Amino acid sequence: MTDNPNQFSREAWDANAEVWDARMGDEGNDFFNVLCWPVIAPFLRAQPGQHILDIACGNGLTSRRLALLGAHVTAFDFSANLIELAKQRLNPDSRITYHVIDATDESALLALGDHSFDSALCNMALFDIADLEPLFRALPRLLKLGGVFVFSLTHPAFNNASTVHVLEEVDDEGEIKTIYSVKTSRYMTPFHAKGLALRSQPKPQMYFERPLQYYLNLGFQNGFVLDAFAERAFPPEHPQTSTLGWGGKFSEIPPALVARLSRPSS
């Protein structure tokens, strides 16, 4: 096994590509459809004819959604296997161009073109990237003035690699109640750890966990301002995928967030 976390991560995503492509398909999962896309879409404000950069695009799920809205999409991922699977799926009016690019390679990012993009999106993937500084340095040069960068994350405080899901029974003044909660032992100090996002995936992936302030400060240091933010939880009626899986039983705890960083127009 490699001692290089970025290489381990790329090899894991290559190994897991077929399982993830089968699971996400063309429609996505509950995290995407219930928690992320309903906020990503209005935050991004994609318009026909716009040029959008889809960062760590996986099997092209978000790329296809954006192309169906009429946008031209440049999409990349560091997993060659995921990109090959993305190319086999629908490409509305050939509006999507796919590349194999490592988001930690600043020169490869800049080769996409100065001020070429109206907006950029990274859906549930910043925590898969070993070093975010090259990406955040490149984004102001890739985006047009007034451009926006929208990203979604597993919530760093409530849904990181140290989080434990807890089910407890309590006697509340004579009424027995079942309480669902989470226990988190690490947050402030960045760390990386292996984990399974899908129990069926053949190889653990690497999570690069960072506190929320890390992401926001990295944006501020590179000239962005935060102008939209949402913490996302499943509604109480949403079914559980497993006894302690994310769902309506955890409706007061957000497992995901979506943020928009804007590049001022002057």
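# Exercises on burial, packing and backbone

Thr-74 belongs to strand β2, which covers residues 72-77. The model used in these exercises is a predicted one.

**Exercise 1.** Decide whether Thr-74 is buried or exposed, and find which residues it touches.

*Solution.* Step 1: take the relative accessible area of Thr-74, which is 8%. Step 2: apply the cut-off, under which a residue below 20% relative accessible area is buried. Thr-74 is therefore buried. Step 3: leave out residues up to four places away in sequence and list what remains. Thr-74 touches His-51, Ile-52, Leu-53 and Asp-54, and also Thr-97, His-99, Leu-112 and Phe-117.

**Exercise 2.** Place Cys-57 in the chain, give its burial, and describe its surroundings.

*Solution.* Step 1: Cys-57 sits in the loop that runs between β1 and α3. Step 2: the relative accessible area of Cys-57 is 6%, so this residue is buried. Step 3: with neighbours within four places in sequence set aside, the contacts of Cys-57 are Ser-63, Ala-75, Phe-76, Asp-77, Ile-83 and Tyr-98. Step 4: take Tyr-98 from that list. Cys-57 and Tyr-98 are separated by 41 residues in sequence, and their C-alpha atoms are 8.9 Å apart in space.

**Exercise 3.** Do the same for Ala-125, and give its C-alpha distance to Val-182.

*Solution.* Step 1: Ala-125 is located in the loop between β4 and α6. Step 2: its relative accessibility is 4%, so Ala-125 counts as buried. Step 3: not counting residues up to four places away in sequence, Ala-125 touches Ala-56 and Ser-152. Step 4: Ala-125 and Val-182 are 57 residues apart in sequence, with 22 Å between their C-alpha atoms.

**Exercise 4.** State how many residues the largest nonpolar core has, and which element gives the largest share of it.

*Solution.* Step 1: the largest nonpolar core has 75 residues. Within this core, Ile-55, Leu-126, Phe-149 and Phe-151 have the most contacts. Step 2: helix α2, residues 30-44, supplies the largest share of the core, eight residues. Step 3: examine one of the residues with the most contacts, Phe-151. Apart from neighbours within four places in sequence, Phe-151 is in contact with Cys-122, Leu-126, Tyr-215, Leu-257, Val-258, Ala-259 and Leu-261.

**Exercise 5.** Classify the packing of α2 with α3, and then that of α1 with α4.

*Solution.* Step 1: two packed helices are described by the angle between their axes and by the distance between the axes. Step 2: for α2 and α3 (residues 61-68), the angle is about 45 degrees and the axes are 12 Å apart. That angle makes α2 oblique to α3. Step 3: the α2 and α3 crossing is right-handed. Step 4: on the α2 side the contact is formed by Phe-32, Asn-33, Trp-37 and Leu-44, which meet Leu-61, Thr-62, Arg-65 and Leu-66 of α3. By type, the residues of this contact are five nonpolar, two polar and one charged.

Step 5: for α1 (residues 5-24) and α4 (residues 80-87), the angle is about 30 degrees and the axes are 7 Å apart. Angles under 35 degrees count as roughly parallel, and α1 is therefore roughly parallel to α4. Step 6: Trp-13, Asp-14, Ala-17, Glu-18 and Asp-21 of α1 meet Ala-80, Asn-81, Leu-82 and Leu-85 of α4. This contact of α1 with α4 divides into five nonpolar, one polar and three charged residues.

**Exercise 6.** Explain why α6 is described as largely enclosed by the rest of the structure.

*Solution.* Step 1: helix α6 covers residues 133-142, and seven of its ten residues are buried, so the helix is largely enclosed. Step 2: the buried residues of α6 are Pro-134, Leu-135, Phe-136, Ala-138, Leu-139, Pro-140 and Leu-142. Step 3: these buried residues pack against β1, α5, β4, β5, α7 and β11.

**Exercise 7.** Examine the phi angles of Asp-93 and Glu-173, and say whether each residue is buried or exposed.

*Solution.* Step 1: most residues other than glycine have a negative phi. Step 2: Asp-93 is not a glycine, yet its phi is positive, about 50 degrees. Asp-93 lies in the loop between α4 and β3, and at 62% relative accessibility it counts as exposed. Step 3: Glu-173, also not a glycine, has a positive phi of about 50 degrees. Glu-173 is in the loop between β6 and β7, and its relative accessibility of 82% makes it exposed.

Notes
Residues numbered from 1 in each chain as written. Predicted model: local features only at pLDDT ≥ 70, side-chain atom pairs only at ≥ 80, totals over all residues. Heavy atoms only, no water. Core = buried A, V, L, I, M, F, W, Y, C linked by side-chain atoms within 4.5 Å. Buried < 20%, exposed > 50% of the residue type's maximum accessible area, 1.4 Å probe, protein only. Helix = DSSP H or I, 4+ residues; strand = E, 2+ residues; numbered from the N terminus. Contact = heavy atoms within 4.5 Å. Axes fitted to C-alpha atoms, helices over the stretch in contact; angles between N-to-C directions. Parallel < 35°, antiparallel > 145°, perpendicular 65-115°, else oblique. Left-handed = near helix turned anticlockwise from the far one by under 90°. Nonpolar A, V, L, I, M, F, W, Y, C, P; charged D, E, K, R; others polar.
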